[in-house]
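Open the model in your viewer and keep the selection panel at hand. The tour goes from empty space to rings, then to a pair of strands.

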Amino acid sequence: MEKTFVTVTAEHDPSGKTKPLWLNWTDGKQYEIDRVTDVRQAPALKGGGMGMRYTCKIRGKEVYLFEDEGRWFVEGKNSS
Amino acid sequence: MVRTILHCDLNNFYASVECLYRPELRGKPVAVGGDVEERRGIILAKNMLAKQAGVKTGEAIWQARQKCPGLVCVPPDYRKYLRFSRLARNIYADYSDRIESFGIDESWIDATGSTHLFGDGVQIAGTIRRRLREELGISGSVGVSWNKIFAKLGSDMKKPDATTIITPENFREVVWPLPVEELLYVGRSTKAKLNNRAIFTIGDLARRDVHLLKLSLGVWGETLSNFANGLDPSPVARAGEESFIKSVGNSTTTPRDLVNDEDVKLIAFVLADSVAARLRRHGLKCRTVAVHIRNNELYSFERQGKLTGASFLARDIARKAMELFRQHYTWDRPIRSLGVRGADLATMDGSFQLDLFERDAVEQEQLERTVDRLRERFGSYSIQRCAMLQDTKLTGFDPKTDHVIHPVSFFR
């Protein structure tokens with residue numbers, strides 16, 4: 001499984017928290033992130049790498065969105 | 001009071017981090033190696049599969065390839081390793097403020113004061129191992145004991161991702177049957193000395209009369225005897241407590257062998273420049289300069305000499321290094337690697353004996369500080385000594401930023 005670097009639109013609140021709002025896929029499609037259910041530091045075992053892992057609900061599906069030193073990526077699979 | 005000391009050793013650290021970043025490497029024998037072109041082609045680390053094939057740290061990459069034909073060699077990425085090392089330390093910091101690093105992938109943690117919060121040593125070790133796995137994706141082996149020496153020994157006993165506990169009750173059964181070279185600071189030559197005296201296991205060492213050991217090994221005899229008996233009271237340093245610097249040095253294996261004084265001079269200046277800049281950054285001056293020379297047969301030695309006064313000038317350090325070199329090297333073989341070190345340090349703000357006959361060094365000091373600032377702003381190569389341009393391939397390295405891993409000593 002490949003990892004795909006993506007553009008993310010996020011909200012940064014004054015306390016330093018980051019909340020990703022939109023995921024902009026490589027083909028230009030935009031996906032709204034409905035809910036972030038979990039944030040923790042974790043390794044990306046499938047795609048390779050490590051970073052802050054945001055467990056996102058997008059259109060009812062659970063997607064791991066990683067942030068590794070400022071770069072965002074998603075593990076594997078082409079868009080849903 | 002009996003202490004609870006953990007020693008955490010990140011398994012196959014460099015190789016594990018590389019495998020984490022490149023999932024396609026998993027299941028293959030992997031080694032992290034230096035740059036073959038630059039003649040630093042030795043194995044720095046390997047994963048389990050490469051280890052099983054007999055690949056050893058420190059051997060040449062071509063040797064390793066012969067033992068293990070499918071070996072994948074990846075270049076090292078120290079920035080990444082330092083980041084993981086720091087993150088691992090952050091995890092340890094949740095359990096104690098006494099954390100002492102021993103190299104990039106090992107740390108001692110004194111958890112004596114937090115056992116009532118997080119459970120006993122074994123429980124804390126388990127938590128740390130789980131967090132390393134879940135948060136960083138790497139594994140660690142932990143040794144739990146009441147002193148640093150046995151904790152370190154324990155972390156080497158079961159790998160990967162395991163906890164070994166050594167207590168005052170069981171250490172005679174667990175530690176004593178081990179070969180004596182497993183003990184920290186028993187290297188090749190000490191091992192030979194001990195073996196000659198029929199000391200083969202740590203138990204043999206522990207049971208031997210201290211006075212006999214002192215006769216053959218000097219003060220070391222007593223220290224090692226204490227280690228073997230678990231009598232090591234040395235404390236785990238507090239986190240953030242900067243170790244007191246005893247010397248500042250840089251060395252390099254050059255892209256080609258050095259064949260004459262001119263070559264050595266170039267390298268000595270590059271190294272002295274870096275040593276001097278680091279001294280200045282730490283606010284230190286050195287009174288002794290040492291050179292380390294290794295020829296192309298890997299025979300090496302070090303010589304040192306005193307400066308007339310204390311200095312942090314590259315000029316003085318390089319001159320002294322060259323003087324020592326000319327005195328002690330006869331050019332029977334070309335040189336493979338060279339090191340320059342400033343020792344016997346003094347803080348810059350203290351009082352110094354000035355040299356009656358030397359011109360005032362203030363001007364030179366100003367000059368070198370200005371060079372520091374220029375390099376800080378515009379990069380290491382923005383300003384260079386003219387001589388460096390004679391052979392840019394030889395001098396084109398930056399010892400200050402290229403190497404960030406400094407070996408550390410247990411006795412500080």
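**Stop 1: the cavity**

The largest cavity has a volume of about 50 Å³. A cavity here is a set of points on a 1 Å grid over the protein atoms alone where a 1.4 Å probe fits but cannot get out. The volume is the space filled by probe spheres set on the points, with grid points joined across faces, edges and corners. The structure holds 1 cavity of 30 Å³ or more.

This is a predicted model: local features need pLDDT of at least 70, side-chain atom pairs count only at pLDDT 80 or more, and totals for chains, interfaces and linings use all residues. Residues are numbered from 1 along each chain as its sequence is written, chains are lettered from A and ligands numbered from 1 in the order in which they are written, and side-chain values use heavy atoms, leaving out hydrogens and water.

Select the lining, meaning residues with an atom within 4 Å of a point. Pick B:Leu10, B:Ser85, B:Ala88, B:Arg89, B:Tyr92, B:Ser101, B:Gly103, B:Ile104, B:Asp105, B:Glu106 and B:Ser107. Two elements of chain B give two or more residues each: α4 (78-92) and β6 (106-110). Helices (H or I, at least four residues) and strands (E, at least two) are DSSP runs, numbered from the N terminus. α4(B) gives the most, with 4 residues. Colour the lining by class: 4 nonpolar, 4 polar and 3 charged residues. Nonpolar covers Ala, Val, Leu, Ile, Met, Phe, Trp, Tyr, Cys and Pro; charged covers Asp, Glu, Lys and Arg; the others, Gly among them, are polar.

**Stop 2: a pocket**

Move to the second largest pocket, about 610 Å³ in volume. A pocket is an open set with protein on both sides within 12 Å along at least five of seven lines. Its lining has 24 residues, and the closest to its centre are B:Ala310, B:Asp316, B:Asp355, B:Glu358 and B:Ala361. Show β11 (300-311), α14 (314-328) and α15 (362-378) of chain B, the elements giving two or more residues to this lining. β11(B) gives the most, with 6 residues. The class split is 8 nonpolar, 4 polar and 12 charged.

**Stop 3: rings**

How many aromatic pairs does the structure hold over all chains? There are 22. Rings of Phe, Tyr and Trp (its six-membered ring) pair if their centres lie within 6.5 Å; planes under 30 degrees apart are stacked, over 60 edge-to-face, the rest tilted. Select B:Phe13 and B:Tyr14: a tilted pair, 6.0 Å centre to centre, 55° between the planes. B:Phe13 is buried at 2% relative accessible area. B:Tyr14 is buried at 12%. Buried means under 20%, exposed over 50%, partly exposed in between (1.4 Å probe, protein chains only).

Next, B:Tyr329 and B:Trp331. Their planes stand at 85° with centres 5.3 Å apart, so the pair is edge-to-face. B:Tyr329 is buried at 9%, while B:Trp331 is partly exposed at 26%. Add B:Tyr299, B:Phe301 and B:Phe325 to see the cluster that ring pairs link with these two.

Two charges sit over rings (NZ of Lys or CZ of Arg within 6 Å of the ring centre and within 35 degrees of the ring normal). A:Arg71 has its charged end over A:Phe5, 3.8 Å from the ring centre. B:Arg172 does so over B:Trp176, at 5.6 Å.

**Stop 4: a hairpin**

Finish on chain A. Strands β5 (35-43) and β6 (50-58) pair antiparallel over 8 bridges; pairing needs at least two DSSP bridges. A:Ala42 has A:Gly51 as its bridge partner in β6(A). The hairpin has 6 residues between the strands, and A:Gly48 takes a positive phi near 95°.
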